[in-house]
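User: I'm new to this structure and would like a close look at one part of it. Please pick a single helix or sheet and walk me through what surrounds it.

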Amino acid sequence: MTYISDESQNLVHTDSEDEEEYSRAQGRWYAVQVASGCEKRVKANLEQRIETLDVANRIFQVEIPQTPAVKLRKDGSRQNTEEKVFPGYVLVNMIMDDETWQVVKNTPNVINFVGAEQKRRYGRGRGHVKPMPLGHSEVERIFKQTQEQEPVIKIDMAPGDKILVLSGPFKDFEGEVIEVSPERSKLKALLSIFGRDTPVELEFNQVQKES
């Protein structure tokens with residue numbers, strides 16, 4: 001079975017210095033599903049394979065789209081980090097042909113390209129997946145999001161979690177989270193005030209999750 005795309009079929013090989021630039025213009029972005037938590041490992045291994053197998057003229061770029069985030073620690077301090085836009089996937093800019101398909105597909109921890117499943121002509125079982133390139137507008141939207149999105153506040157808390165208030169007028173009160181608003185860096189918790197459960201809005205850095 002072959003996986004040669006229209007781009008590679010129509011590629012014209014010339015002796016001019018513009019050949020590499022022309023090849024890059026033919027590259028398309030493909031989404032590749034990888035084992036959970038192995039995105040960085042796949043990126044590093046694939047980039048090494050690209051050099052070792054001498055296909056840098058057809059596999060141009062490997063990216064893990066990420067947006068900035070701020071993680072609040074238990075002590076209230078903040079840690080700058082990044083959050084994957086598509087956990088479990090990497091994006092590859094490449095010219096699709098049999099060889100480049102094999103280079104990517106045989107990289108450790110790669111599951112498959114995202115595409116259209118081709119049914120078997122006979123018998124039972126799943127067929128192969130025909131890789132489908134991402135649309136230009138979709139690619140632009142993804143990378144624009146990674147460049148322009150404001151940092152998201154991340155906190156390891158959810159409704160039902162027990163908390164201790166660290167500062168403010170309710171310092172040393174214990175309560176239960178009923179609502180989390182990451183976009184506002186705030187949460188609501190039920191605190192026992194004068195013997196009654198009272199909903200109180202608190203800043204993320206005012207509370208600590210109880211173990």
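Analyst: Here is a walk through the four-stranded sheet and the helices around it, after some basics.

First, the ground rules. This is a predicted model, where local features need pLDDT of at least 70 and side-chain atom pairs count only at pLDDT 80 or more, while totals for chains, interfaces and linings use all residues. Residues are numbered from 1 along each chain as its sequence is written, and side-chain values use heavy atoms, with hydrogens and water left out.

pLDDT is the predictor's confidence in each residue, on a scale from 0 to 100. Its mean over the chain is 81, and 77% of the residues reach 70 or more. Residues 1-17 are a weak spot: pLDDT stays under 50 there, and the model has 29 contacts for them beyond four places in sequence. Where pLDDT is low, the predicted coordinates should not be read in detail. A contact, by the way, means heavy atoms within 4.5 Å.

Now the parts list. The chain has five helices and 14 strands; these are DSSP runs numbered from the N terminus, with helices being H or I over at least four residues and strands being E over at least two. Of the 211 residues in the chain, 36% are buried. Buried here means under 20% relative accessible area, exposed means over 50%, and partly exposed is in between, using a 1.4 Å probe and protein chains only. Among contacts between residues at least 6 apart in sequence, 57% join residues at least 24 apart.

On to the sheet itself. It is open, has four strands in the order β2-β5-β1-β6, and its pairing is antiparallel. The edges are β2 and β6, each of which pairs on one side only. On average, neighbouring strands are turned by 30 degrees against each other, direction ignored. Two strands count as paired if DSSP finds at least two bridges between them.

Look at β5 (89-94) next. Five of its six residues are buried, so to speak mostly covered. On one pairing, β5 meets β1 in the antiparallel sense over six bridges, and Ala31 stands opposite Leu91 in β5. On another, β5 meets β2, again antiparallel, over four bridges. Two pairs to find between those strands are Val62 opposite Val92 and Gln61 with its bridge partner Asn93.

Asn93 deserves a pause. This β5 residue counts as buried, at 10% relative accessibility. Leaving aside its neighbours within four places in sequence, Asn93 is in contact with Gly27, Arg28, Trp29, Arg58, Ile59, Phe60 and Gln61.

Three helices come into the picture around this sheet. Helix α3 lies across β1, β2, β5 and β6, running at about 165 degrees to β2. Helix α5 (residues 136-148) lies across β1, β2 and β5, at about 65 degrees to β1. For these angles, axes are lines fitted to C-alpha atoms, for helices over the stretch in contact, and values run from 0 to 180 degrees between N-to-C directions.

The third is α4, residues 98-105, where Thr100, Trp101, Val103 and Val104 are buried. Seen down the axis of α4, those buried residues fall within an arc of 160 degrees, so they line one face of the helix. The arc is that of the directions from the helix axis to the C-beta atoms. An α-helix has 3.6 residues a turn, so residues three or four places apart point the same way. What does that face pack against? The buried residues of α4 pack against β1 (28-34), α3 (39-52), β2 (59-63), β5 (89-94), β6 (110-113) and β8 (129-131). At the start of α4, a side-chain oxygen of Asp97 reaches to within 3.1 Å of the backbone nitrogen of Glu99.

One residue to look at where α3 meets α4 is Arg49. It lies in helix α3 and is partly exposed, with a relative accessible area of 23%. Arg49 and Val103 are 54 residues apart in sequence, while their C-alpha atoms are 7.1 Å apart in space. Beyond neighbours within four places in sequence, Arg49 is in contact with Asp54, Gln102, Val103, Asn106 and Thr107.

Key: Polar contact = N/O pair within 3.5 Å; in protein donor to acceptor, adjacent residues only side chain to side chain.
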